[in-house]
Amino acid sequence: MNDQPNRPDGLKAELLEIALEAAHRAGAFLHDGRPEDLGVAATKSSAVDVVTEMDIASEKLITALLAERRPHDGVLGEEGASVEGTSGVQWVIDPIDGTVNYLYGLPSWAVSIAARVDGETVVGVVHAPARGETCRAVLGEGAYVNDRPARVRPAPALELALVGTGFGYRAERRARQADVLRELIPEVRDIRRGGSAAIDLCDVAVGRLDAYYERGLNAWDYAAGDLIAREAGALTGGRPGEPLSPDLTVAAPPGLFEALQARLEQLGAWHD
Ligand code: LIP
C-alpha cells in the first residue's frame, strides 16, 4: 500500500536501485583500485583533514552515474559536488566516509549515498567493501544488512552501553571532545572509535554498538546512516528536541537514547 501518495513507491524503488548501483560501482573502484602509494591530494579544515585522489574520483564516478540516470536531481557531495536540481530529489553523497582509514589501509570506510525527496531522506545506502557489507533502508520499509533484516540491540542501561563516537579535525575541538569523553567513559561499558560515522550508525542499526554520538558531522556523513539506524529501530537526533546537525548526532534504541542524550546535554557535548 502506498502510504505516501505524493511519493509513489516506484520512485523510492528507483532511487534505491540507483543508490545501490552507484555505491557498488564506487566501492569496487575504491577497493580494487586503491594505489599502493596513495597519498594526500589536499587538506581542508586542518593538516589532518585530508582528501585523496580517490575521494575526488569516487565522487566524480557517482555524480556522473546520477546525472546520466536522473539528470534533474540535486546533488550535495563532500568533495564539492553541488547541483541545485529541479525534481525535488536531492542526493547526499560521501564518496569515502572514513577517508583517514582508507588512506592508512584500514578497513572501516564506506561509500554513503542518501536520496532526499522534498527534504526528507527516503533512501539510504552505506556500502563498506572492505567489510563485505552493504546496509540499506527505504523510509517505512525497514533496514537491511546484506539483505538480512537489521535491528538494534535491546537498550541496556547507560552504564552497560558500548558507545561509539568520533573526533573532529581541529585540535581545539578535539580537546573539548576529550573533556566530554573523560566524564562519559567511566559511566558506560566502553567506547569505540571506528573512524566512519556512516559505519558507526550502521553498527547501531545491526546491534554492534548500543549507541553512537558525535559532534561536528556534516549531512553527507550521517544522511544515509541516520535512515538505516531509524529503520532498524533506533532513535536519532541532536540536542534534546532537535534533529541531527553538525552540533550533535546521537543514535541509540529508545530508553538508552534519552539517557545518553540527556547526559551529553549536561556535559555540553554540543559545543566547543
Ligand atoms: C569522518 C567521519 C567520522 C569522524 C571523522 C571524519 P570523513 O568523515 O565519518 O565519524 O570522526 O573525523 O569526519 O572525513 O572521513 O568523510
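This is a short talk on the pockets, cavities, ring contacts and unusual backbone angles of one predicted protein model.

Okay, hi everyone. Keep in mind throughout that what you see above is a predicted model.

Let's begin with empty space. Rolling a probe the size of a water molecule over the atoms shows where empty space is left. The largest pocket here has a volume of about 710 Å³. There are 34 residues lining that pocket, and the closest to its centre are Asp49, Phe167, Gly168, Tyr169 and Glu214. If you want to find the pocket on the screen, those five are a good place to click.

So where does the largest pocket lie? Domain 1, which covers 11-149, and domain 2, which covers 158-267, both give residues to its lining, so the pocket lies between them. Several elements supply at least two lining residues each: strand E5 (89-97), helix H3 (99-104), helix H4 (171-184), strand E13 (211-214) and helix H6 (219-231). H3 makes the largest share, with five residues. As for chemistry, the lining splits into 13 nonpolar, nine polar and 12 charged residues.

Now for the closed spaces. How many cavities of 30 Å³ or more does a search of the whole structure find? The search turns up two. The largest cavity has a volume of about 100 Å³. It is lined by 13 residues, and Gln177, Val180, Tyr213, Arg215 and Ala269 are the closest to its centre. You've already met two of the elements here: H4 and E13 each supply at least two residues of this lining. H4 gives the most, three residues. By type, we have five nonpolar, five polar and three charged residues around the largest cavity.

The second largest cavity comes in at about 40 Å³. Its lining is Val126, Ala128, Arg131, Glu133, Thr134, Cys135, Ile199 and Cys202. Strand E7 (120-128), strand E8 (133-138) and helix H5 (197-206) each put in at least two of those, and E8 gives the most, with three. Five of the lining residues are nonpolar, one is polar and two are charged.

Okay, on to rings. A pair of aromatic rings is described by the distance of the centres and the angle of the planes. This structure holds one aromatic pair. The partners are Tyr102 and Trp109, sitting edge-to-face with 4.8 Å centre to centre and 80° between the planes. Are these two buried or exposed? Tyr102 and Trp109 are both buried.

Tyr102 has another neighbour to look at: the charged end of Arg34 sits over the Tyr102 ring, 5.7 Å from its centre. A second arrangement of that kind involves Arg239, which lies over the face of Trp270 at 3.4 Å from the ring centre.

Last topic, the backbone. Most residues other than glycine have a negative phi, and most peptide bonds are trans. Which way does Asp118 go, positive or negative? Asp118 has a positive phi of about 50°, although it isn't a glycine. You'll find Asp118 in the loop between strand E6 (110-117) and E7. With 55% relative accessibility, Asp118 counts as exposed, because the cut-off for that is over 50%.

Asp147 also has a positive phi, about 70°. Its spot is the loop between strand E9 (143-145) and strand E10 (148-149). Asp147 is exposed too, with a relative accessible area of 58%.

That's my tour, thanks for listening!

Technical notes: Residues are numbered from 1 along each chain as its sequence is written. This is a predicted model: local features need pLDDT of at least 70, side-chain atom pairs count only at pLDDT 80 or more; totals for chains, interfaces and linings use all residues. Side-chain values use heavy atoms; hydrogens and water are left out. Rings of Phe, Tyr and Trp (its six-membered ring) pair if their centres lie within 6.5 Å; planes under 30 degrees apart count as stacked, over 60 as edge-to-face and the rest as tilted. Buried means under 20% relative accessible area, exposed over 50%, partly exposed in between (1.4 Å probe, protein chains only). A charge sits over a ring if NZ of Lys or CZ of Arg is within 6 Å of the ring centre and within 35 degrees of the ring normal. On a 1 Å grid over the protein atoms alone, a cavity is a set of points where a 1.4 Å probe fits but cannot get out, and a pocket is an open set with protein on both sides within 12 Å along at least five of seven lines; lining residues have an atom within 4 Å of a point. Grid points are joined across faces, edges and corners, and a volume is the space filled by probe spheres set on the points. Helices (H or I, at least four residues) and strands (E, at least two) are DSSP runs, numbered from the N terminus. Ala, Val, Leu, Ile, Met, Phe, Trp, Tyr, Cys and Pro count as nonpolar, Asp, Glu, Lys and Arg as charged, and the others, Gly among them, as polar. Domain bounds come from an automatic or database domain assignment.
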